[in-house]
Amino acid sequence: MPMSRTLQQHLDPDAGPKRILALDGGGLRGVLTLGMLREMESHLRARHGGDPAFRLSDYFDLIAGTSTGAIIAAALALGMSVDEVHGHYMRLGQVVFKRSLLRWGALRAKFPADKVSEALVGVFGDRRLDSPDLRTGLLIVTKRLDTGSTWPLTNHPGSRYFDRGSKATTIANREYPLWQVVRASTAAPYFFDPESIGIGRGDGEVKAVSGDFVDGGVSPHNNPALQALMTATIPGYSFGWETGEKRLLVVSVGTGKADAEVGHRNVVEGTAAIHAVLSLKALMEDCADLVETVMQWLSKSPTAREIDRELGTIASPLGGTPLCSYMRYNVHLTEAWFEKHLGESVGAKALKALEAMDQPANIPELDRIGRMAGTKLVKAAHFDAAFDLH
């Protein structure tokens, strides 16, 4: 049974069924994602012959990521094992989130962007979005701040802006440095400055054009599962993949869902600045919940969760026929969820501390929880044999 496919085979709409992996943003909480991915990789490796060389890039035809998920997605698409990505991630976390005494205050980004750039170049080198080293499809979600538009960037050679020709004034997406695309997706406002990417060439008469890009989490797609589904199936994106319960699989992995109530009590007594921050955070949580709601509405899912008391798990798909199979794995940072799903009693204060996206001191505990969540949540039986490699 062949375990390795070419990029062309992964992207070929006639070589089905298709499998998508979507990875959320969430700063250093991406360590939780890696814990769940490790278990997933182990199950899939065992199912496909146990070859130590098996990688998630062999199984998934498209790996999508936003923000910290973009770092993991790009590394996995290059054929790294989860343990290899974990090693890079641990080093990145210690270097990138090291606070400088010169950056206190509200007028500068919390962390220096050059440290991020150096670290990402260290992982991805001088590869571009069209690098032949990318072993499977890759989707990175970022947001162009100066135009307000979400940019889902892929390595699909048929996508509209991937190759613009020698006479085009715009720079082809395939020419974008991979590290810079990932850096753009991770440029969370307040934490890091935007990333400027050249998108138009100057020719003496026409001035070169750059776009200012920020974290894809500022778009509705901090959880990129829905964007990945749209990218794979909407004709304008050029993938042209078939839909169907046995034809298309979407596996979505989160970075931890915060307790919506903790820290929001007595908010009326807070300042206007606190109201603004909490409102933005609530909006991002609403977007995340909406993505999960829609994905469950469009699919058949063995991991469907109760969205709320009114909607339940949305057992019946839209139109009666699922567009895809769907799994969602995530850790909910609430006392009740930890007790029920992980069998641990953890206080609200400790869980609240784990919500931070920029605290390297949290890494060991996040790593422990992520590995435990992988063992408890990710089951081999969730992966339908219809999606096995042949």
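In the predicted model, the buried residues of helix H5 pack against five helices, namely H2, H3 (56-59), H4 (68-77), H6 (113-124) and H12 (363-377). Helix H5 comprises 15 residues, 82-96, and spans 20 Å from its first C-alpha to its last, close to the 21 Å expected at 1.5 Å a residue. Its buried positions are Val82, Val85, His86, Tyr89, Leu92, Gly93 and Val96. Viewed down the axis of H5, these buried residues fall within an arc of 130 degrees, and they therefore line one face of the helix. In general, an α-helix has 3.6 residues a turn, so residues three or four places apart point the same way.

Helix H2 (residues 30-47), one of the elements against which the buried residues of H5 pack, contains both Glu41 and Arg45, placed four residues apart, about one turn of the helix. The side chains of Glu41 and Arg45 form a salt bridge, with an N to O distance of 3.7 Å. Glu41 and Arg45 are both buried.

The strands provide a second covered region. In strand S7 (residues 248-253), six of six residues are buried, and the strand is accordingly described as mostly covered. Burial extends to both faces of S7, with Leu248, Val250 and Ser252 on one side and Leu249, Val251 and Val253 on the other. Strand S1 (residues 18-23) pairs with S7 in the parallel sense over six bridges; within this pairing, Leu21 has Val251 of S7 as its bridge partner. S7 is also joined to S9 by five bridges, and these two strands likewise run parallel. Here the bridge partner of Ser252 is Arg328 in S9.

Arg328 also belongs to a network of salt bridges that links it with Asp24, Lys257, Glu285, Asp289, Glu292 and Arg305. Within the network, the side chains of Arg305 and Glu292 meet in a salt bridge at 2.9 Å, N to O. Arg305 lies in the loop between strand S8 (299-300) and strand S9 (324-329), whereas Glu292 lies in helix H9 (residues 272-297), so the pair ties together parts that are 13 residues apart in sequence. Arg305 and Glu292 are both buried.

A salt bridge with partly exposed partners is formed by Asp133 and Arg127, whose closest N and O atoms are 2.9 Å apart. Asp133 has a relative accessible area of 36% and is partly exposed. Arg127, at 26% relative accessibility, also counts as partly exposed because it does not fall under the 20% cut-off for burial. In total, the structure holds 27 salt bridges. Side chains of opposite charge can pair when their charged atoms come close.

At the level of the whole chain, 12 helices and nine strands are present. Buried residues account for 52% of the 390 residues. Among contacts in the chain with a separation of 6 or more, 72% involve residues 24 or more positions apart. The chain exposes about 17500 Å², of which carbon and sulfur atoms supply 56%.

Technical notes. Residues are numbered from 1 along each chain as its sequence is written. This is a predicted model: local features need pLDDT of at least 70, side-chain atom pairs count only at pLDDT 80 or more; totals for chains, interfaces and linings use all residues. Side-chain values use heavy atoms; hydrogens and water are left out. A salt bridge is a side-chain nitrogen of Lys or Arg within 4 Å of a carboxyl oxygen of Asp or Glu. Buried means under 20% relative accessible area, exposed over 50%, partly exposed in between (1.4 Å probe, protein chains only). The expected span of a helix is 1.5 Å times one less than its number of residues. The arc is that of the directions from the helix axis to the C-beta atoms. Contact means heavy atoms within 4.5 Å. Accessible areas come from the Shrake-Rupley method with a 1.4 Å probe; for residues, only the protein chains shown count as cover. Two strands pair if DSSP finds at least two bridges between them.
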